[in-house]
Structure formats: structure tokens, C-alpha cells
Amino acid sequence: MSLFSPAEGWYDKKVSKDEKMWMVIALVLCIMLFVWMIMWHVYGKQNPSNITYRTSTAEFSKLSEAYTKQNMIGVDNGIPVVRPQPNSDVFVMSEMWRWSPVMILQKDQSYKMHISSKDVVHGFSIQPVNMNFQVYPQYDYVLEFKPTEAGEYKVICNEFCGIGHHTMIGKIVVIGNEEDLKLYGYENFKKAPDPLPEKKNEPLTETEMALLGEQVYTLKGCGACHKTDGSSQIAPAWNGLFGKEEEVIENGKKTSVVVDEAYIRESIKNPQQKITVGFENTPMPVFPVTDEEIEQLIAYIKTLKN
Amino acid sequence: MFRTCDITGFKVDLQSEKLIRYNAVFAVISLLLAVTAAILLVFTRYQPVHLLGAEWYYRLVTFHGLNALIFWIIFFEIAGLYFGSTVVLNTRFCAPRLGWIAFALMVAGLVLSNIIILMGKADVMLTSYTPLKAHPLYYLGIILFAVGALLAVILFFGNLMIARREKAYGDTMPLFTYGLTTAAIIAVITLASGALIYIPTFLWSLGLISNIDPAMYKLIWWGLGHSSQQINVAAMVSIWYMVSFLAVGGTSINERVSRTAFVLYILFICLASAHHLLTDPGVSSAWKVWNTSYAMYLAVLASMIHAFAVPSSFESAQRRWGYNKGLFQWLSKAPWGNPAFSSIILAIIGFGFIGGTTGVIFGMEQTNIIVHNTIAIPGHFKGTVVIGTTLTFMGITYYLIPLIFRRKIVGFGWAKWQPWMFFVGIALLSISMIVLGQMGVPRRHWDSTFSGGPFTYNFNPAVDFFWALMMLGGTLAFLSTLVWILIVVISVFFGPKVNGPEDMQLAISPLAPQAKAHKGFEAPGTLVLTIIFLLVFLALFFLNWKWLAATWNVN
């Protein structure tokens, strides 16, 4: 009858016993689902947080860089490693395409993670426990995690964030005791970071510059794309780069340039000016680095040989 | 200008018929584009083949999403809306010229967006979360399409007005058209959300607006993305009732209940986008819990009411035809040779058991933590939109070919098993994606070996089995869709003409005889089936909460 007007008296027809039964069951189930979510807030141990701060990408970048600089105890594959105190605030930065820093956490201790993004939306997905959260730029999401099992965890990105999305993977290590650090080769990481050398009045030596450059490389996330081991999937590798002749595209035309100080300065300040052939699809964003930091990076690149 | 259908006796407005035909043809074209991309995507994610490069993988995910979820479904729904508001009501099309303008806008939108995507200017996924930015013409294409669709929905209401004024139907609107009306009302809400978000985003891509808040974008975008799925549900359920009538002469055992359930869809979906923000910053738990459920999940209740009302309309009619033995003779003696009927039954099973169960569980605040953005999410909506909506649309097309296109179905033997093959294919695809997602595999991800990253991660080795299963299911579904498209295209363009009732290959059943008044259960078989469904749901429910309880603590 669904194609015609219903038969006379349809509105007053009694609902049959079985249909009535089913509707009652279904309604009870639906109400139970609602109550269940509330009860889980009372008795359950996994509830998304209610704490969010509005921030800006620049502000949060500064905050997380300062945090990492102060707490960095080592480097793992170009990503700084921190070991936060239980119950402390940890600043986790996501950007195309890396998570920073690597965290060493203690089992059964709580950590307040502030998570935000420097560029687009990312997905914070801890594996293998399989917990997934959304990360935005301009929002600082505070999640208080308490790892319940020791082991090595990876943070993968599960929100599409550009062509290098699949390379965005970070690391969290949960230890039960100090011995566990050996499992990850972290036993030699110093407990507290050395304070930065006092600013001298005389200019820094090339070696000091290069060391600072390495720190900039790690903190600003250059290593997400520019590797120093020769692999170059997304961007040119930095080892053996200085002095090399590169094919580039300038104003749509192919030319070649020698990589020198001036070229590096230009490439950081205005990345779209000359694009290296082979990397047209992964354009480099403009990063907030100072002139001083650029000089330090140049010094660092000079030390990287093939 | 009308013709009177010699098979159904309906008065068919020729202008309307033409509009239905053209919209349906573009639906099929969109589906072909969507599944062509889909098979390439399946063989990219299946790591041993890893067919496409990263660039084309993401490009085609965008392309597939837009063509499958937007173009195919909405073109078909517009055809359905025109059918339900003119042919079924014996009435004329209110403004055919505007109908063609709507159609032209939608086609222009489809062409423009697709070209921009294929040119590589819009690798942003269907969701295009800001600050990812596409070429302005991409957003413009979607806006054009949405404006066209909105115009078409307005014309639907115009047709209803004419039918009402000219008293073209009795006192009460037929249930099928009533269901479509709820779909159309939801469509207005949905398309308004779409305008609200795509117009500023378009201006932003032109540089006229400096910042689109990413959380605000996601909230409003899903007002389009999720609510539009409720259009599909309402349209699909309306077709289920229609096929019950066409195939066995069945009718809802209580129309008041069915109609109330449709109204619940409208009243309780408004903030469906909450389901997509459950693990997001910016909104509180109270907001999430309230807006996913409005205290009692009445939109879910609506679907559960239909889950009883639709099968019971089959059962009740079959029993009145004399198939009254035991609990399930009504099912075993059902017209399984009718591909529209088998499509609908399979769509109901898939929608309920795969799409429905996972949808409710994944849409709860806390359990969302273990599935958010994993491949379980597309796995879930393969169960709703593909097995549910797409298979339903495929099924009803077997009636549209003879009745609207006036052609016989070429390869009717193939048509009989096509729904089964499609069901098995998508069920395999969907279930394996859900399992993969529960093991943490992300969606929209080119390389699950993380090549080029600073670290790597190996998923549970069991994933290999489910990847293979997914590849197999995807291939089956792709092939059966091709079979369907071939049947439709060959029949419509080259099939023999239908000259009268004797050319109908699918039976149109007369109304089932009136029942003798009786007390007790009207559809005991259906009650048993729905209880089985309930038990499956509860099993999956507790399993997911157990998995959640095993994760780290977080608050």
C-alpha cells in the first residue's frame, strides 16, 4: 500500500503485540546507551578530556620548543627525547610530518599531554593500544594519560595531512623500571640537559655554530623531511648537500645551482623560489627561524659529508 | 502531457519522466567513476600490490568519496524524489524548466569538481578539513552541485503542493512519498549546512577571508556530511516499504508507527555532527553525550522501529498469501527470483547487522577512542551507505528499467545473482575493514609500513589475512557493480521495448488479501529475527567496551 493512501482507519489501528514489545525493548536499549556513557564517566577510566585552551600556532610552537629545549635528554632518529616528571605537563607538537618529542613515561604514572598542531589537522593514534584523538592547530588539547603497561608505543597520524602523511610516526616508551631503558638504547641519555653555554661576547666558532645548528634542525623539525643519512623521499637529504650542484626549477624553467650559503638562505626564507627537481609535489613551508638560526643551520649543513 | 502506465495504472507526466531518466543516468555515471577509483584504491592499500603512488592514492580517495557519497547518491535521490512526488501521486511536475536548471547545475558541479580533483588541485579528501586548501573551483563545483540539489528539493515540495491542491491522492499521502518527504526536509537542513560551510571556505580559498577555524569547520561540515546520511536512510527505508508492496503486496502492519518513526529521523538528527567530534578538543563531554543521543537515541530508535516494521510487512503479507507454516515459511517461500526483492532483504540485513551495530557503538563518546579515524570507520559506512543505500538503489532500479525507461531487462539471469555477489563482496570488505580498524590500522593512509618515517610500526600479523579478505571482497563488489552497470546501460539503451504487462520480468504483486481479525503476534518470525539482531548488537557492544577498558587510562 506504500504507493497509495493507507486504508481507512489506519490512524486508529491498534499496534500489534509483537511490534509493541519490540518498540519497548528498543527504547529501553536506547536509554541504556545514554545512561551507559554517563556511568562510564563515573566508573570508567577512559574518558576524553574536557580541557582545551585556545592558542595560536606561533604561541604553541614557542611553548613546545621551549619545553623540548629545556627537557631534551637525547635524540632518537632526529627527534628529541624527553623524560617528563610524573604529573607534569608535556607539550606535544605535531606538524607535517612528525610528532615531537619522543617521550619516556613511567608505567602507572599520569602525564598531562598538551597536544596541538603547527599546520593542518592531524590524528594522534597510539599503537598498539589503539587510542585515537584529533589534533587541531589553534587548539591546545590537554589529555591526561596514565599508561598501564610497559612497552614501546608508536604514535601514528591517522588524519590525512598531505603527501607525506604516511611518514608521520612518533614514539612513546613506557618503562616499568630503570633497567627497561636499555631495551631502547636510552640508558646513556643524561638525566638533565646541560645548560646552554653562556653567551660569549666574541663570535662563536664554526664547531659551536654547527652544534647549535643541529639543535635547531631537531627542534624546528627540519628532520621530518630532510634526512642526514642520504634517504630523500620528500626533500633533498642534507649530507653531502653543501657545494653540490642541484637541478632546480625557477619560474617554471629548469636551471642548475651550486648549493652555497646564499642559496640555503634563500631556500629557507623563500622556499618556492627555486624548487629542486624531483620534489615538486612536496613544497616546503616557510618556517619561523631567525637569521641567526639560519647561519647556525648553514654551519651544520657544512659539517654533513657523504 | 501525461501517459497512463499500462502496467501500474499511474498517470505519468512525460516531462517528469524525462527528468527522472536523466538524473538516474548521471547517478549511474557517478557510480561508475566511484567504483573505478575504488578498485584502484583497494589494490593500493593491499600492500603486496601497492598499485598507486602516494599522490594518486590520495587524489583518488578524494575522487571516490565525492562521486560515491555525493554524486551517485544525490542524483539517484533526486530521481527518486521526482518519482515519488509526480508518478506516485498521479500529478504533474510543477516547473520542468527549473528542473532542467537544477539538473544542469548539478552536472556542472560534478564536472567541475572532478576535473579539478584529477588535475591534482584538490588533494584534500572529501572532508577537506581546513587549513588544507583546495583550488577555489573545487569548492565552487560543490556549491553549484548543492544549489542544484537544493533547487530540486524545492521542486519536490512544489510537486507535493500541486498534488495536494488538485487532490491527486486521497486524504493521506502514500507512505513512500511520506518517507521521501522526511528525506527532503532533512535534505534542506543538510544543504543549508553545506552552504554555511562551503561558501566561507570558497571565499577563504580566494583569499577574501583570512582564517577558517578548523574546529568550527569540522562541526558544520559534518552537519552536511552526517545529516546527508539520514537523507539516505529515509529514502532507503521508503524504498523498502515500496518494494514490500510491489513484490508481495505487503504494507506496514501499522502505518502510524512507521510514519512516527520517519518523523523521529527529522527531530533527532540535528547535531549528528557530534558523532564526528567525540575525540576532539573544543567541546565538552556533556555536549558530546547530549548531542549524540538527546538522552535516548531516538533516531536509532526510529531505525529499530523500521527494522521491525519493514520485515513484518513482508511477513504479514506472505502469511496472508498462505505461507503461514512455522516461523520462517514466509521467508523460504519469498520471491527470491525477484532481484529487487533480494536486494532489499540483503540491504536490510547488511544495514542492520554491519552498519547499524557498528554505527551505534562507534558513535558513543568513549568507545569512539578505539576506532576514531581508523579504517573501521569507512568499514562501518560501507555497511550503511554501500550495502544499505547503494544496494537498495540498485535493487529498485530493476523496477525502474521497465516502468520508467520502458525497457526489458537484458540479462535477467545475471540480475538475479548480482545482488548476492554484491552483498558478499561488500560484507567481506566492510567486516575486514572493521577488524583492521580495531587493530589500529588508520584510514586514508597510503603506506602502512611507514616507509620514510623516522620510526616504523608493525601491526598485529593477523592484519595480513584481513587485508587479503578486504581485497577479495572489494574485487567481488567491483565486478558485481560492473555487472549491474552493464545490465542497466544495455537495457536502457539497447533493450527491447516494454509494450505492456506481459513484458514485465519482475512481478508486481496485487495487494495481499485482508487478514481475518486475530489477536496475538502478527509477525513472530520478524520478532525472532529482531531479537537475534539485539543479541548480536549486545555481544559487539560489550566486546568493544571490554577492549576500551583494556587501554591506557585517559581523562
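I began with B:Arg406, which I located in the loop between helix 13 (376-403) and helix 14 (412-438) of chain B. For the element names I relied on DSSP runs numbered from the N terminus, where a helix is H or I with at least four residues and a strand is E with at least two.

I noted that the model is predicted, that local features need pLDDT of at least 70 and side-chain atom pairs pLDDT 80 or more, and that totals for chains, interfaces and linings use all residues. Residues are numbered from 1 along each chain as its sequence is written, chains are lettered from A and ligands numbered from 1 in the order in which they are written, and side-chain values use heavy atoms, with hydrogens and water left out.

**Positive phi**

For B:Arg406 I read a positive phi of about 55 degrees, although this residue is not a glycine. B:Arg406 is buried at a relative accessible area of 14%; buried means under 20%, with a 1.4 Å probe and protein chains only.

I then turned to A:Gln138, also not a glycine, and found a positive phi of about 75 degrees. A:Gln138 sits in the loop joining strand 9 (131-135) and strand 10 (139-146) of chain A. Its relative accessibility is 16%, so I entered A:Gln138 as buried.

**Cis peptide bonds**

In chain A, I found that the bond from A:Met96 to A:Trp97 is cis, with omega near -5 degrees. I placed A:Trp97 in the loop between strand 4 (89-95) and strand 5 (98-100).

In chain B, I recorded a cis peptide bond between B:Thr130 and B:Pro131, with omega about 5 degrees. B:Pro131 belongs to the loop between helix 3 (96-118) and helix 4 (136-165).

Note on methods: Buried means under 20% relative accessible area, exposed over 50%, partly exposed in between (1.4 Å probe, protein chains only).
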